[in-house]
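Visitor: Please show me the model, and let me ask how its labels are justified.

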Amino acid sequence: MVAPHSVSKSAVSRLDTEGSAVARRGEATTTGVVGARNDAAPSNISISLTQMLDRREQRVADQQALLSRFGRPLVQLTLVTPGPVKDTAQTRFVFDQGLAAVHQALRLAGHVVLAQQGGYRVTGPEMLMVIDAEPLCIKENMLQIEERNALGRLWDVDVLEPSGASVSRQQLGWPARRCLLCDEPAHACARSGQHALADLQRAIEDKVHAFRNRLGR
Ligand SMILES: [Zn+2]
């Protein structure tokens with residue numbers, strides 16, 4: 001039922017109050033609330049810029065479909081993964097940790113997840129969640145996990161208002177995200193190509209290894 005690298009584009013699982021996934025009639029379900037489990041091995045292949053841009057465009061369409069269907073804010077989890085290889089054992093591990101952290105933060109805040117859609121893709125793992133709560137409140141919680149978790153810098157948690165507008169860090173008085181390697185804003189370094197890809201990837205691997213060592217895995 002689960003296609004390689006992702007659940008089907010139309011897969012939306014509706015979540016009951018216990019947090020378990022319940023398939024809607026006629027739709028494939030995602031395979032669990034925590035983790036985007038998928039039997040297919042990570043593809044480990046380089047993807048093209050065109051594939052990335054196509055996926056970005058499709059993701060916007062997915063967002064709009066959920067916004068018009070539910071009329072509630074969305075949380076979108078994707079990863080900070082410089083370089084052309086987006087679907088690896090490491091990216092899946094980092095994503096699963098992120099998804100668990102997002103769900104935990106939402107649960108602690110009493111924010112109900114009405115539905116979620118996403119999974120592992122060759123273009124990188126991603127999850128869209130429909131949340132029954134106030135967008136600024138959700139964003140504040142998501143910023144906290146991005147900043148406080150040891151892997152948080154590797155997660156990209158966007159919050160969309162029902163209008164589709166993205167809630168910015170600045171709206172809540174948070175500074176722009178810092179670069180993985182230096183103290184400059186991340187977007188400035190990304191735009192100027194300030195750092196070698198290998199250095200960025202090493203910084204990410206160091207974070208993941210340190211996290212795994214603490215977990216004893
Ligand atoms: Zn930098």
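Guide: Start with the far side of α3: the face turned away from its buried side carries the exposed residues E147 and R148. This is a predicted model, in which local features need pLDDT of at least 70 and side-chain atom pairs 80 or more, while totals for chains, interfaces and linings use all residues. Residues are numbered from 1 along each chain as its sequence is written.

Visitor: What makes a residue exposed or buried?

Guide: With C-beta atoms placed from the backbone, a residue is buried if 20 or more other C-beta atoms lie within 10 Å of its own, exposed if 12 or fewer, and partly exposed in between. P135, I138, K139, N141, M142 and E146 of α3 meet the buried criterion.

Visitor: Why are the buried residues of α3 said to line one face?

Guide: Seen down the axis of α3, they fall within an arc of 165°, so they line one face of the helix. The arc is taken over the directions from the helix axis to the C-beta atoms.

Visitor: How do you know that the span of α3 agrees with a helix of 14 residues?

Guide: The expected span is 1.5 Å times one less than the number of residues. For residues 135–148 that gives 20 Å, and the end C-alpha atoms are 20 Å apart, so the two agree. Helices are DSSP runs of H or I, at least four residues; strands are runs of E, at least two; both are numbered from the N terminus.

Visitor: What covers the buried residues of α3?

Guide: The cover includes β3 (74–79), α2 (89–109), β5 (126–132) and β6 (155–160). V75 is in contact (C-beta atoms, placed from the backbone, within 7 Å) with residues including I138 and M142.

How values were computed:
Contact = placed C-beta atoms within 7 Å. Lists of a residue's contacts leave out its neighbours within four places in sequence.
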